[in-house]
Amino acid sequence: MERLDAALDRLVERGVLSVAQAGAVRQEYAGLARPQGLRRQLGEIAGYLGASFVVGALLLFLSEQWEALGQAGRVSILAAMAVVLAGAGVVVRPEPRTAFGAGCRARC
């Protein structure tokens, strides 16, 4: 909620939104229903379970076909896996905190 307030305050300061419009956005955002505790946990469990099935199937397939792939195929698969993992790391990386506050990259 702090990030939303900061963004709305910046928009009001720049004249993009009026104070009333920013207040309406805050009220609307506060009124949004968040997933219930158990429902959210079950969704997360289902996601992890599905991901483990995908990884298991991939490992089973690769273990059966590893020798038939040849060196170029093995290197390609390992490189692709490294790129996917690096991309996932970039996506889930938290926003860096600096002395100038969060989101400084866009303003500094």
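Of the 108 residues in the protein, 5% are buried. The coordinates come from a predicted model, and the description that follows should be read accordingly. The accessible surface amounts to about 9100 Å², and carbon and sulfur atoms contribute 65% of that area.

The secondary structure consists of four helices and zero strands. Read from the N terminus, the order of elements is α-α-α-α. Contacts across long stretches of sequence can be considered next: among the contacts in the protein with a separation of 6 or more, 16% join residues 24 or more positions apart.

The N-terminal part of the chain offers a helix pair to examine. Helix α1 spans residues 2-14 and helix α2 spans residues 19-30; their axes come within 9 Å and cross at roughly 160°. Because an angle over 145 degrees counts as roughly antiparallel, α1 is roughly antiparallel to α2. The crossing of these two helices is right-handed. On the α1 side, the contact is made by Leu4, Asp5, Leu8, Asp9 and Val12, while α2 supplies Val19, Ala22, Val25, Arg26 and Tyr29. Sorted by class, the contact of α1 with α2 comprises seven nonpolar residues and three charged ones, with no polar residue.

Further along the chain lies helix α3, which covers residues 37-92 and includes Arg74. Is Arg74 buried or exposed? The relative accessible area of Arg74 is 24%. Since buried means under 20% and exposed means over 50%, Arg74 falls in between and is partly exposed.

The surroundings of Arg74 can be described through its contacts. When neighbours within four places in sequence are set aside, Arg74 is in contact with Trp66, Glu67 and Leu69. A further position to consider is Leu62, 12 residues from Arg74 along the chain; the C-alpha atoms of Arg74 and Leu62 are separated by 9.3 Å.

How values were computed: Residues are numbered from 1 along each chain as its sequence is written. This is a predicted model: local features need pLDDT of at least 70, side-chain atom pairs count only at pLDDT 80 or more; totals for chains, interfaces and linings use all residues. Side-chain values use heavy atoms; hydrogens and water are left out. Buried means under 20% relative accessible area, exposed over 50%, partly exposed in between (1.4 Å probe, protein chains only). Contact means heavy atoms within 4.5 Å. Accessible areas come from the Shrake-Rupley method with a 1.4 Å probe; for residues, only the protein chains shown count as cover. Axes are lines fitted to C-alpha atoms, for helices over the stretch in contact, and angles run from 0 to 180 degrees between N-to-C directions. Angles under 35 degrees count as roughly parallel, over 145 as roughly antiparallel, 65 to 115 as roughly perpendicular and the rest as oblique. A crossing is left-handed if the near helix is turned anticlockwise from the far one by less than a right angle, and right-handed if clockwise. Ala, Val, Leu, Ile, Met, Phe, Trp, Tyr, Cys and Pro count as nonpolar, Asp, Glu, Lys and Arg as charged, and the others, Gly among them, as polar.
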